[in-house]
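Here are a few exercises to work through with the structure open beside you. Try each one yourself before you read the solution.

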Amino acid sequence: MFREALNEALREEMQRDPKVFCMGVGIGQRGGSYKVTVGLLDEFGPKRVIDAPISEASFTGAGVGAAITGMRPVVEILFVDFSVLVFDQIINQAAKFRFMTGDRGRVPMVLRTQGGAGNGLAAQHSQSLEALYYHIPGLKLAVPSTPCDAKGLLTAAIRDDDPVIFMEHKLLYMSEGPVPEGDYAIEFGKGKIRRQGTDVTLVAWSNMLPRSLAAAEKLAAEGIEVEVIDPRTLVPLDKELIVESSKKTEHLVIVQEAVRRGGVASDIASMAQHEAFGYLDAPVEIIAGKNTPIPFNLNLEQLCVPQEEDIVAGVKRTLGAGG
Amino acid sequence: MASKEFLADLYRQMYTIRVFETRCIKLYRQGKIRGYFHPYLGEEAIAVGACAALRKQDFIVSTHRGHGHCIARGASIKRMIAELLSKDSGYCKGRGGSMHIADLDTGNLGANGIVGAGVPIGVGAGLGSSIRGEDQVTVIFCSDGAANNGVFPEAMNLAAIWNLPVILMLENNHYAVSTPIEQVARNPDLYVRSAGYGIEACKVDGNDVMAVYEKTKEGVELCKSGKGPMVIEAKTYRHAGHHVNDPGAYMPEDKLKEWKARDPLIIGRKHFLDHGTTDEIKAIEEAADREIESAIKFADESPEPGVKEFLKAIEIYEG
């Protein structure tokens, strides 16, 4: 299970390296609101599994200070929507310390957070805000979509000497999937082809990845073979994988749960059309969340983020649009 | 009883900061320093007194008005001026400037361009020390301006609930940029806020280097015995505006005169003259003058940062 895989990564890294510690609201005694940190307090004690007050900006800043002075903190911000309270410490401090000190200072901190719609938590608890962090030089950005990747990417993030925004999705925590035993780290910037295909390249991350795979199965029944690429990390991004696949299939679709405007999909589309312009048979298609805060009503909530039908329709649209 | 050598060193450091800032203002007017910097003129006793109570393994966190802290913690004057002149030989390879000088070798976690941002970072240094079971103390220099910023009371509370070995050295120079303390706080004694968080706190004459030193020493002992944190509000006054381009027109002349009569250098000199002579003072000052001029020469003759090297360095952000 996804959340158990995260738990394994945390546990194994904390066993391996005494400098690793966790901090967040309700992560210790309660084991985390999404049960990611269950059991860690019992095993590692309150000095390394810290229940913080609701003081996100300052405890994240404390993470920065601890990281600068030799520790490897894993700070949890329970909802990505709250991370905007921490902008200064993430964007002005963590992201820039290495640069501003002429490469002498490092901030080996992981900021774990989660976003996404689908639980009826409404506008301030359902956003997908990866674009905000994608835009800041000095931050790496991981968007795991499977339990295997959750463990491997979190392990890599903890071992990284620079700050990583580790973006989980609330609907993925209980998703199932194989997780290899033991110690493994997935290299950042190496995406994965989740499904081979010949007709269209589809890039999707986080919760849009399983949804896209489901859409791909439906499309296969109609004779359309979709190549589904999971970038795994948005910064760094496996541009080569996306471009090579786009050149092969000559059609590119990008699926993003986040609001369309200013989202990561637009940047990937811009890059891909530039690199593969001569190969593409149709404009790059982006299927994204509507430009709106997320509503509470279930039907409206689903309307606002891409569903399987939207992905299927989008793929067909791009195939119909060109030659 | 403080030794003659100790008092000489305190005076030397304060005088060095005074000359450093004064010469840098001149360099700024000559167009050799760009952007802004925030002179520490008039506040020298706080940085010097506080740092004198620290050991090599301790940490400091600085503010936007950070040259004094940096010098008091033993930074290289050459590399500081080179950084202000944005040369490659500067602390940050010319990429940081005044507000981003850090010297990790002397436990200086850096100046900061965001008011108050250093407070949680300093608390984090204390947290790391506590988790490792080591006894490093962190002095967090912060300001009256920072005291009204959200992360300040938040971070103070974290230090309190986790019993962290940190000393918040609140430099109250009576102005948050241009706004006087009376307009932004009902009670201008900011240290009393700490009582609400259960933190030991006090005020001290920020212009008397020995008073700051003694109080910081108390704080260091408290922290080392696991009874931290501590808040020390050092009362002081700027001799100039907020930054090098601010004439400080909002600072009443008579008040400035009052505070200049209690110039930290005058007080520091008096402490030394209990043991030493005015000739020895002169020697200290002349040596410091020479050091600064030599540092300016070093910085002047240093090359600019290379474009190729810079472009290579930022490849890590390519993604």
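**Exercise 1: the overall build of chain A**

In this predicted model, chain A has 11 helices and 12 strands. Work out whether chain A is as compact as a globular protein of its length.

*Solution.*
- Step 1: take the radius of gyration of chain A, which is 19 Å.
- Step 2: set that beside the globule rule, which gives 20 Å for 323 residues.
- Step 3: the two values are close, so chain A is as compact as a globular protein of that length.
- Step 4: for a feel of the dimensions, picture a box of roughly 60 × 45 × 40 Å along the principal axes, filled by the C-alpha atoms of chain A.
- Step 5: look inside, where buried residues make up 58% of the 323 residues in chain A.

**Exercise 2: two domains and where they touch**

Find the two domains of chain A and describe the side of domain 1 that touches domain 2.

*Solution.*
- Step 1: mark out domain 1 as residues 2–169 and domain 2 as residues 192–321 of chain A.
- Step 2: go from centre to centre, over C-alpha atoms, and you cover 27 Å.
- Step 3: now check the contacts: 23 residues of domain 1 of chain A are in contact with 24 residues of domain 2 of chain A.
- Step 4: see who supplies the domain 1 side: α5 (130–134), β5 (140–142), α6 (147–159) and β6 (164–169) of chain A each give at least two residues.
- Step 5: sort that side by class, and you get 12 nonpolar, eight polar and three charged residues.

**Exercise 3: the largest nonpolar core**

Where does the largest nonpolar core lie relative to the two domains of chain A?

*Solution.*
- Step 1: start with its members, 192 residues, where those touching the most other members include Leu141(A), Leu202(A) and Ile167(B).
- Step 2: ask which element gives the largest share; helix α1 (residues 4–29) of chain B does, with nine residues.
- Step 3: domain 1 and domain 2 of chain A both give residues to this core, so the core lies between them.
- Step 4: zoom in on Leu202(A), whose contacts beyond four places in sequence include Ala216(A), Val228(A), Val253(A) and Val315(A).

**Exercise 4: a helix in chain B**

How far does helix α11 of chain B reach, and which of its residues are buried?

*Solution.*
- Step 1: α11(B) covers residues 278–301, 24 residues in total.
- Step 2: from first C-alpha to last, α11(B) reaches 35 Å, close to the expected 34 Å.
- Step 3: its buried residues are Ile284(B), Ala288(B), Ile292(B), Ile296(B) and Ala299(B).
- Step 4: what covers them includes α1 and α4 (77–84) of chain B.

Technical notes. Residues numbered from 1 in each chain as written. Chains lettered and ligands numbered in written order. Predicted model: local features only at pLDDT ≥ 70, side-chain atom pairs only at ≥ 80, totals over all residues. Core = buried A, V, L, I, M, F, W, Y, C linked by C-beta atoms within 7 Å. Buried ≥ 20, exposed ≤ 12 C-beta atoms within 10 Å, placed from the backbone. Helix = DSSP H or I, 4+ residues; strand = E, 2+ residues; numbered from the N terminus. Domains from an automatic or database assignment. Contact = placed C-beta atoms within 7 Å. Expected span 1.5 Å × (residues − 1). Rg over C-alpha atoms; globule rule 2.2 N^0.38 Å. Nonpolar A, V, L, I, M, F, W, Y, C, P; charged D, E, K, R; others polar.
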